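Reader: I'd like a close look at one part of this predicted model. Could you walk me through a single helix and what sits around it, then work outwards from there?

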Amino acid sequence: MPFVEKGMTVGLFGGSFNPPHAGHALVAEIALRRLKLDQLWWIVTPGNPLKDARHLAPLAERLERCEELIHDPRVKITAFEAAHNIRYTADALAMIKARNPGVHFVWIMGADNLADFHLWQRWQKIALTFPIAVIDRPGSTLAFLSSRMAKTFGYARIDEDDAPILARSRAPAWTFIHGPRSLLSSTAIRNGVMKPKT
């Protein structure tokens with residue numbers, strides 16, 4: 001796990017990043033700016049239990065590509081889940097919380113993941129562990145209205161103008177952040193439909 005000091009605000013941005021692209025970098029940049037973060041941990045996962053792993057590039061290759069893409073010193077690329085044999089986000093967040101008392105964390109996810117968030121292992125536990133910032137993605141702007149997560153935790157939604165206080169808010173708390181959107185998709189890049197931009 002990256003080094004962090006008590007009192008810091010840290011964003012957690014997880015995914016398979018297969019491959020990482022400028023759209024991911026845009027989400028990271030928006031999160032750093034709008035949430036006023038001290039750090040953002042770019043957590044490269046061993047794989048997504050909900051996705052077909054047959055087309056998954058080796059972890060070392062995905063880590064190297066993330067390092068090539070990101071140059072902001074506040075962004076820390078990590079793959080600690082693989083070292084601890086962690087498969088599920090809920091377990092990763094529980095470990096992060098236990099090992100970093102006094103640090104203010106916020107889980108960051110693209111809006112394209114919001115529709116299926118209720119399929120994640122112990123998804124309600126995730127929402128109760130750390131605040132969540134949902135970053136707008138093309139075609140997913142209305143997901144925050146219709147998703148099961150948004151309906152279940154509608155009472156805990158804060159206005160995006162209050163995004164800078166989200167990391168220090170007590171979970172459950174979440175916001176939907178509008179802003180510039182990238183049309184890039186890892187799936188489309190893998191299928192040769194799009195070319196990655198750096």
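Author: Let's start with a term: a residue is called buried when its relative accessible area is under 20%, and exposed when it is over 50%. With that in hand, take helix 4 in this predicted model, which covers residues 89-99. Its buried residues are Thr89, Ala90, Ala92, Leu93, Met95 and Ile96. And what lies over them? The cover includes strand 1, strand 2, helix 3 (80-83), strand 4 and helix 5.

Helix 4 also has a hand in a void. The model holds two cavities of 30 Å³ or more, and the largest has a volume of about 40 Å³. Four of the residues lining that largest cavity come from helix 4, the largest share from any element. The full lining is Gly14, Ile43, Thr45, Glu81, Thr89, Ala92, Leu93, Ile96 and Trp107. Sorted by class, that gives five nonpolar residues, three polar ones and one charged one.

Then there's the nonpolar packing. The largest nonpolar core has 32 residues, and Leu12, Ile96, Ile132 and Trp174 are those with the most contacts inside it. Several elements give it two or more residues: strand 1 (9-15), strand 2, helix 4, strand 4 (104-110), helix 5 (123-129), strand 5 (132-135), helix 7 (148-152) and strand 6 (174-177). Helix 4 makes the largest contribution here too, with five residues. So Ile96 turns up three times over: it is among the buried residues of helix 4, it lines the largest cavity, and it is one of the best-connected members of the core.

Ile132 is worth a stop as well. Setting aside residues up to four places away in sequence, it touches Val106, Trp107, Met109, Phe117, Ala127, Met149, Leu166, Ala173, Trp174 and Thr175. Apart from this core there is another, of 27 residues, with Ile70, Ile77, Ile158 and Ala163 among them.

Back to Ile96 for a moment, since one of its partners is Trp41. Trp41 sits in strand 2 and counts as buried, at 0% relative accessibility. Leaving out neighbours within four places in sequence, Trp41 is in contact with Met1, Pro2, Val4, Val10, Gly11, Leu12, Phe13, Lys76, Ile96, Asn100 and Phe105. Phe13 on that list is 28 residues away along the chain, yet the C-alpha atoms of Phe13 and Trp41 are separated by 6.0 Å.

Strand 2 helps cover another helix too, namely helix 2. Helix 2 (residues 59-69) has Arg62, Cys66 and Leu69 as its buried residues. Looking down the helix axis, these fall within an arc of 65°, so they line one face of helix 2. Ala60 and Glu64, on the other side, are exposed. Besides strand 2 (39-44), the cover over the buried face includes helix 1 (22-34) and strand 3 (75-78).

Now for some backbone oddities in the loops. Just ahead of helix 4, in the loop that links it to helix 3, is Asn85. Asn85 has a positive phi of about 55° without being a glycine, and this residue is exposed, with a relative accessible area of 68%. Arg122 is a similar case, a residue other than glycine with phi near 50°. Arg122 lies in the loop between strand 4 and helix 5 and counts as partly exposed at 37% relative accessibility.

There are cis peptide bonds to look at as well. One joins Asn18 and Pro19, with omega about 5°, and Pro19 is in the loop between strand 1 and helix 1. Another runs from Ala171 to Pro172, with omega near 5°; Pro172 belongs to the loop between helix 7 and strand 6.

Stepping back to the whole chain, there are eight helices and six strands. From the N terminus on, they run β-α-β-α-β-α-α-β-α-β-α-α-β-α. Of the 198 residues, 48% are buried. Among contacts with a separation of 6 or more, 76% are between residues 24 or more positions apart. The Trp41 and Phe13 pair, 28 residues apart along the chain, is a handy one to pick out on screen.

Terms used
Residues numbered from 1 in each chain as written. Predicted model: local features only at pLDDT ≥ 70, side-chain atom pairs only at ≥ 80, totals over all residues. Heavy atoms only, no water. Buried < 20%, exposed > 50% of the residue type's maximum accessible area, 1.4 Å probe, protein only. Arc of directions from axis to C-beta. Contact = heavy atoms within 4.5 Å. 1 Å grid on protein atoms, 1.4 Å probe; cavity = no way out; pocket = protein on both sides within 12 Å on 5 of 7 lines; lining within 4 Å. Points joined across faces, edges and corners; volume = space filled by probe spheres on them. Nonpolar A, V, L, I, M, F, W, Y, C, P; charged D, E, K, R; others polar. Core = buried A, V, L, I, M, F, W, Y, C linked by side-chain atoms within 4.5 Å.
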